[in-house]
Amino acid sequence: MNPRQIFSISLISSALLYTHAFAQNAAIVNGKAIPKAQLDKLVQKSGQPDNPQVRNQGREMLVTKELILQEADKRGVIQKESVREQLDQARVGILVAAVFEDYVEKDGVSEADLQAAYDSVKNQYSGKEYHVEHILVEKEGDAKAIIVQLKSGGNFEDIAKTKSKDPGSAANGGDLGWVTEKALVPEFSKSMVQLKNGQMTDKPVKSQFGWHVIKMVEVRDTKAPSYEELKPQLKQMIVSDQNWQKAKFSEMMQKLRAKAKIQ
């Protein structure tokens, strides 16, 4: 094997090693490798789709972070007392939040807290719910003609599919599902609540959207979700309350002091 062949093999080997290094790392900054696993974790935590653009943004963030860390070490700023104090304060702040979060997760929210919150929330579920259908058209004359057609035996759902201008319900035969009085525009609700099961409006109802022909399918009392159904939302509601957080933090510290030996 002549020297030229040896040199070529050496170049190929170096290129392969270089390629392998980059396959294992997201980047190499001044000789310091940033593992690909860090980039994978960053992309995953971002909640964004894993694609080249998101990966490039994540890579740039990691490179920026590494450059700052290296420059901080080069300039010796970490050795400055003021910087060390700030880093220590930041660390304590993070640990305080983490300890309190763990306390709340394991011991903070009692069944009594949750039950009290549920009793408060379930009282908001009062009144009536309405299963209603409607046909929406632009002109009053068209709505009147539809009412005549329906009274002559026309099928409400079929007419809604072909003539209703409401993109959200037309394909479903005009069905709006179960709604509350407050969920709809006032003009619609005022006419809706006067209807009985199976009854239809005798006259078109005008709203900002056009002219409605309304049919009542069924009326029922509003039913509150069960305690178990609401439990996750109740817990989130409780732990988000600042007054509750302050009281629980004080409770946690009292327990810690009670168990500690402080001289």
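Q: Which residue caps the N-terminal end of α3?
A: Welcome! Keep in mind that this is a predicted model. To read a cap, look for a side-chain atom beside a backbone atom at the helix end. Here Asn51 does the capping, with a side-chain oxygen 3.1 Å from the backbone nitrogen of Gln53.

Q: And what does Gly76 take just after α3?
A: Here we read a backbone angle. Gly76 has a positive phi of about 75 degrees.

Q: How many Å should the 24 residues of α3 span?
A: Helix length can be checked by counting 1.5 Å a residue. For α3, residues 52-75, the expected span is 34 Å, and this agrees with the model because the end C-alpha atoms are 34 Å apart.

Q: Which residues in α3 are buried?
A: A buried residue has under 20% relative accessible area. In α3 these are Val54, Gly58, Leu62, Val63, Glu66 and Ala72. Their cover includes β1 (25-29), β2 (32-35) and α2 (36-46).

Q: Is Ala171 buried or exposed?
A: Exposed means over 50% relative accessible area. Ala171 has 63%, so Ala171 is exposed. You will find Ala171 in the loop between α7 (156-163) and β4 (175-179).

Q: How many Å apart in space are Ala171 and Ile78?
A: Sequence and space are two separate readings. Ala171 and Ile78 are 93 residues apart in sequence, and their C-alpha atoms lie 65 Å apart.

Q: Which residues does UniProt list for "domain: PpiC"?
A: A record can mark a stretch of chain to examine. The unreviewed UniProt entry gives residues 127-218. Over that stretch the chain is 29% helix and 29% strand, with end C-alpha atoms 14 Å apart.

Terms used: Residues are numbered from 1 along each chain as its sequence is written. This is a predicted model: local features need pLDDT of at least 70, side-chain atom pairs count only at pLDDT 80 or more; totals for chains, interfaces and linings use all residues. Side-chain values use heavy atoms; hydrogens and water are left out. Helices (H or I, at least four residues) and strands (E, at least two) are DSSP runs, numbered from the N terminus. The expected span of a helix is 1.5 Å times one less than its number of residues. Buried means under 20% relative accessible area, exposed over 50%, partly exposed in between (1.4 Å probe, protein chains only). Contact means heavy atoms within 4.5 Å. A polar contact is a pair of N or O atoms within 3.5 Å; within protein, one must be able to donate a hydrogen and the other to accept it, and residues adjacent in sequence count only if both atoms are side-chain atoms. UniProt positions are given in the numbering used here, feature names are shortened, and annotations may be inferred rather than shown by experiment.
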